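Got a few minutes to poke around a protein model? Let's take it as a run of short questions and answers.

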Amino acid sequence: MSHHRAFSPTLRGRPGRTKAALIGATALIATTMALPALAQTPQPQKPNIVLIVSDDTGYGDLGPYGGGEGRGMPTPNFDRLAQEGMTFFSFYGQPSCTPGRAAMQTGRIPNRSGMTTVAFQGQGGGLPAAEWTLASVLKQAGYRTFFTGKWHLGEADYALPNAQGYDEMRDCFLYHLNAYTYGDPNWFPDMSPELREMFQKVTKGALSGNAGQPAREDFKVNGEYVNTPDKGVVGIPFLDEYVEKASLDYLDRAAQSGGPFFMSINFMKVHQPNLPAPDFVHKSLSKSKYSDSIVELDTRVGRVMDKIRQVGGNNTLVIYTTDNGAWQDVYPDAGYTPFRGTKGTLREGGNRVPAIAWWPGKIKADTKSHEIVGGLDLMATFASVAGTKLPEKDRDGQPIIFDSYDMSPVLFGTGKSERKSWFYFTENELSPGAIRVNNYKFQFNLRGDDGASTGGLAVDTNLGWKGAEKYVATVPQVFDLWQDPQERYDIFMNNFTERTWMGVVMEEELKKIMATYVQYPPRKVQSYGYTGPVTLSDYQRFQTVREELAKDGFHIPLPTGN
């Protein structure tokens, strides 16, 4: 951005000032009067930014990743997006929905914000008010901001999008899809009336509202094929229809208003239970619920992209991605990943996700990137293209650290990513359960490997969250993700390709991140987590245990796993 210094000459009466001097000064004024026209040459408008996020979409589901028609579910719109933009092959989310979305919104490792686990309805809480989000940072750069779709970052008033930097939220859904079935008698007829009444009472439906205003509930959500907002209820199959409509409506309004805007569009598909909208039932080649839902997702993303192309695509950066790896525990109502592990684990299958970037004229068409980047990096990237800096203090005025790297050199082909490592976490971990440094991955937490301890890729009900935490002793497993992306061959002490020396590099990376927790302490975990039993002996021995029990009671949370 160029800066012009205003030039405002002033004539002052001075003794002995000559006529020639006055004429010269007058000429100078006339000359400089022409300068503002040059100085006010219109600068390129800051780009619009649109983030499109789907839910639980498998790395191998979409056409650009070998899925699409070859897997019985054509994705022509994702295919076109990739042909016109950049496809990422080492892009990382987090192991599950809440941390994945928190990482994208805040640019911070989820354990820093306390958003490490799924929050269930009625728990309250959520994204701390002191956190910065993509929206609150971009507002500092003059952006109008809009949110629609899945939030999953808490239900307290301070944690809602319209309190977290978004000027407007439309049809915001606070939970994972399963949550909307808990109070549905057709889904759980054996539930007691009292418990059903509780779930129906605490579960909030679609929320809308502007910043500074109370959120209003537009309609309740259930698990049925019913679309009656006028009667106050809409079923799961129709939710993405409302997300699409809200997005298209905002794009039309934004085009008329002028100035840059930021949109966070979050489709509910393809989180289980996958109930495709009626127009998409049996529209996939395989005619399964999941495949039909992928076709629906592709269609709705395509309609949003068509509108963006229509109203201002030449100056709009679009990033598409998803929150976490495929949830294979719920097969066949689940996505596909070619990698080891699944959602809820620290294997590649739980963390490596599809991502595509699009900006005509700025991002070269039909390009592929294998740089190590991820949802954490959206914060620094969006700030960079918006011409603003990341804050040094949180919204409460305390020092803050971001874990975000600017991806714009990668996007625009001007350089490499500065990121050389990626840290993997699950719910209660302060130190990472796995680390990737360049092409090598160090695995400490083997959770989810029960039933597949030899590295086979078969999926059973012992994978994902159902696997107990299990840490290797003394040394981690080591995998070369270039030669062995499926994490089958531990080469830490292999006779032929021994990589023990990489332990030195790994230790240095660990030291760096652990040191940041001293200077920037993590916030309190925002949802209940089970950290083991309160034993009788501990109760009798430690006053702190007795005090905690008296103050906070005891919680065994609903099982994590969405």
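What follows is a set of questions on a pocket, a surface patch and some backbone oddities in this predicted model.

Q: How much space lies in the second largest pocket?
A: This pocket is lined by 20 residues, and F402, D403, Y405, R419 and F423 are the closest to its centre. The space in it comes to about 410 Å³.

Q: Which element gives the most to the lining of the second largest pocket?
A: Two elements, β15 (421–424) and α13 (502–519), each bring at least two residues to the lining. With four residues, the top contributor is α13.

Q: How many residues of the lining of the second largest pocket are charged?
A: Let's split the lining by residue class. Nine residues are nonpolar and three are polar. The charged ones number eight.

Q: Is V534 buried, partly exposed or exposed?
A: V534 sits in the loop between α13 and α14 (536–541). Together with L536, Y539 and L549, V534 makes up a nonpolar surface patch with about 350 Å² of accessible area. Buried would need under 20% relative accessible area and exposed over 50%. V534 has 40% relative accessibility, so it is partly exposed.

Q: What is omega for the peptide bond that joins K269 and V270?
A: V270 belongs to the loop between β10 (261–266) and α9 (289–312). The bond joining K269 to V270 is cis. Its omega is about 10 degrees.

Q: Where does P273 lie?
A: Start with its backbone: the peptide bond from Q272 to P273 is cis, and omega there is near 5 degrees. As for its place in the chain, P273 is in the loop between β10 and α9.

Q: Is H282 buried, partly exposed or exposed?
A: H282 is another residue of the loop between β10 and α9. H282 isn't a glycine, yet its phi is positive, at about 65 degrees. Partly exposed covers the range between under 20% and over 50% relative accessible area. H282 comes in at 47% relative accessibility, so it counts as partly exposed.

Q: Is E487 buried or exposed?
A: Look in the loop between β18 (477–480) and α13 for E487. E487 has a positive phi near 55 degrees, although it is a residue other than glycine. The cut-off for buried is under 20% relative accessible area. E487 has 0% relative accessibility, so it counts as buried.

Methods:
Residues are numbered from 1 along each chain as its sequence is written. This is a predicted model: local features need pLDDT of at least 70, side-chain atom pairs count only at pLDDT 80 or more; totals for chains, interfaces and linings use all residues. Side-chain values use heavy atoms; hydrogens and water are left out. On a 1 Å grid over the protein atoms alone, a cavity is a set of points where a 1.4 Å probe fits but cannot get out, and a pocket is an open set with protein on both sides within 12 Å along at least five of seven lines; lining residues have an atom within 4 Å of a point. Grid points are joined across faces, edges and corners, and a volume is the space filled by probe spheres set on the points. Ala, Val, Leu, Ile, Met, Phe, Trp, Tyr, Cys and Pro count as nonpolar, Asp, Glu, Lys and Arg as charged, and the others, Gly among them, as polar. Patches are made of residues with over 30% relative accessible area and no salt bridge: like charges are joined within 9 Å, nonpolar side chains (Val, Leu, Ile, Met, Phe, Trp, Tyr) within 5 Å. Accessible areas come from the Shrake-Rupley method with a 1.4 Å probe; for residues, only the protein chains shown count as cover. A salt bridge is a side-chain nitrogen of Lys or Arg within 4 Å of a carboxyl oxygen of Asp or Glu. Buried means under 20% relative accessible area, exposed over 50%, partly exposed in between (1.4 Å probe, protein chains only).
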